[in-house]
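Here is a short tour of the model in front of you, with its sheets, its helix packing and its open and enclosed spaces. Keep the 3D view open and follow along.

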Amino acid sequence: MDSNFDILQQQFSQLEQSLLSEIQQESTVRHLAAGEPVMQTGQYIRSTILLLDGLLKVYREDDEGHEFLMYYLQPGNACALSMMCEARNEKSQIKAKAVTSADVVLIPSHLTELWLSRYKSWHHFVIASYRQRFEELLQTLDSIAFKNMDERLIFYLKRHAKVSGNEVKLSHQQIAEELNSSREVISRLLKKLEQTGAITLHRNYISLHSL
């Protein structure tokens, strides 16, 4: 943990120094390869997950393996749903995996409960994490309930660009699966966006310009 302490201080600078020191002493750091899971459906969550580096994807998966993106976690974020399952001692209803290689901090559950009353900054951080994820979930639900597929696609691309830049390294099939559509529909809509100059389609990625 010592080698990651500077990163911890940088990414979670809103937390008190004494709390950061406790996190350093009491938590463990786990390195994840791209695609490696950190949370599975049906498991009990025993740790709060903080992201030091990389990108995590939090999602649901149906019986046929289709994924539904809930939100991304960037460095400096915590997984609010892992906090909720941990606090209630409930099994997870979601999955999380590394999109890129990532380093996560795993904080034992008994400490996170204790810190809510001991550290004001931790209390504020937890509430802010809940609020941020709730707002993102509302945006996702609005996209599904009230937007056409072309609008949903633009929303999806903008969301992806926000966390990983203007190069979307996903296949048309992967995008279609996350939007619960077909590859043919997504390819057709992407081609229309390219014709407007909003994107450029490459062999293995999509460049975003003016969505």
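Let us begin with a single pair of residues: Val 58 has Ala 96 of E6 as its bridge partner. Please keep in mind that this is a predicted model.

**The four-stranded sheet**

Val 58 belongs to the pairing of strand E4 (residues 56-61) with E6, two antiparallel strands joined by four bridges. Both strands sit in an open sheet of four strands, ordered E2-E6-E4-E5 and paired antiparallel. Strand E2 (37-39) and E5 are the edge strands; each has a single partner, so one side of each has no neighbour in the sheet. On average, neighbouring strands here are turned by 30° against each other, direction ignored. As a reminder, the strands of a sheet pair through backbone hydrogen bonds, in either a parallel or an antiparallel way.

**The three-stranded sheet**

There is also an open sheet of three strands, in the order E1-E7-E3, again with antiparallel pairing. Its edges are strand E1 (28-32) and strand E3 (47-53), and because each has a single partner strand, one side of each is left without a neighbour in the sheet. From one strand to the next, the twist averages 30°.

Within this sheet, E3 and strand E7 (residues 102-108) run antiparallel and are joined by six bridges. If you would like a landmark, find Thr 48, which stands opposite Ile 107 in E7. Two helices meet these strands. H3 lies across E3 and E7 and runs at about 160° to E3. Helix H4 (residues 109-118) packs on the sheet, where H4 touches E3 and E7, and its direction makes about 75° with that of E7.

**How the helices pack**

H3 and H4 each have a helix partner as well. Helix H3 (residues 80-88) packs with H5 at an angle of about 115°, and their axes are 9 Å apart. H3 and H5 are therefore roughly perpendicular to each other. On the H3 side, the contact involves Ala 80, Met 83 and Met 84, which meet Trp 122, Phe 125, Val 126, Ser 129, Tyr 130 and Arg 133 in H5. By class, this contact of H3 with H5 has seven nonpolar residues, one polar and one charged.

What about H4? Its axis and that of helix H2 (residues 17-26) come within 12 Å and cross at roughly 170°. An angle over 145 degrees counts as roughly antiparallel, and H2 and H4 are therefore roughly antiparallel to each other. Leu 19, Glu 22, Ile 23 and Glu 26 of H2 make the contact with Leu 111, Trp 115 and Arg 118 of H4. The residues of the contact of H2 with H4 divide into four nonpolar, no polar and three charged.

**Pockets and a cavity**

Now for the spaces. The structure holds one cavity of 30 Å³ or more, and there are pockets to explore too. The table gives the volumes and the classes of the lining residues.

| Space | Volume | Lining by class |
|---|---|---|
| Largest cavity | about 110 Å³ | six nonpolar, two polar, three charged residues |
| Largest pocket | about 400 Å³ | six nonpolar, five polar, seven charged residues |
| Second largest pocket | about 260 Å³ | four nonpolar, three polar, five charged residues |

Which residues line the largest cavity? They are Phe 68, Leu 69, Thr 140, Ser 143, Ile 144, Arg 152, Phe 155, Tyr 156, Arg 159, Glu 178 and Leu 179. Strand E5 (67-73), helix H5 (120-146) and helix H6 (149-164) are the elements that give two or more residues to this lining. H6 gives the most, with four residues.

The largest pocket is lined by 18 residues, and Val 99, His 160, Lys 169, Leu 170 and Gln 174 are those nearest its centre. Two or more lining residues come from each of E5, strand E6 (95-98), H6 and helix H7 (172-178).

The lining of the second largest pocket includes Tyr 71, Tyr 72, Gln 132, Glu 135, Phe 155, Lys 158 and Arg 159. E5, H5 and H6 each supply at least two of its lining residues, and H6 provides the largest share, five residues. Phe 155 and Arg 159 are good places to pause in the viewer, as they appear in the lining of the largest cavity and also in that of the second largest pocket.

Notes: Residues are numbered from 1 along each chain as its sequence is written. This is a predicted model: local features need pLDDT of at least 70, side-chain atom pairs count only at pLDDT 80 or more; totals for chains, interfaces and linings use all residues. Side-chain values use heavy atoms; hydrogens and water are left out. On a 1 Å grid over the protein atoms alone, a cavity is a set of points where a 1.4 Å probe fits but cannot get out, and a pocket is an open set with protein on both sides within 12 Å along at least five of seven lines; lining residues have an atom within 4 Å of a point. Grid points are joined across faces, edges and corners, and a volume is the space filled by probe spheres set on the points. Ala, Val, Leu, Ile, Met, Phe, Trp, Tyr, Cys and Pro count as nonpolar, Asp, Glu, Lys and Arg as charged, and the others, Gly among them, as polar. Axes are lines fitted to C-alpha atoms, for helices over the stretch in contact, and angles run from 0 to 180 degrees between N-to-C directions. Angles under 35 degrees count as roughly parallel, over 145 as roughly antiparallel, 65 to 115 as roughly perpendicular and the rest as oblique. Contact means heavy atoms within 4.5 Å. Two strands pair if DSSP finds at least two bridges between them.
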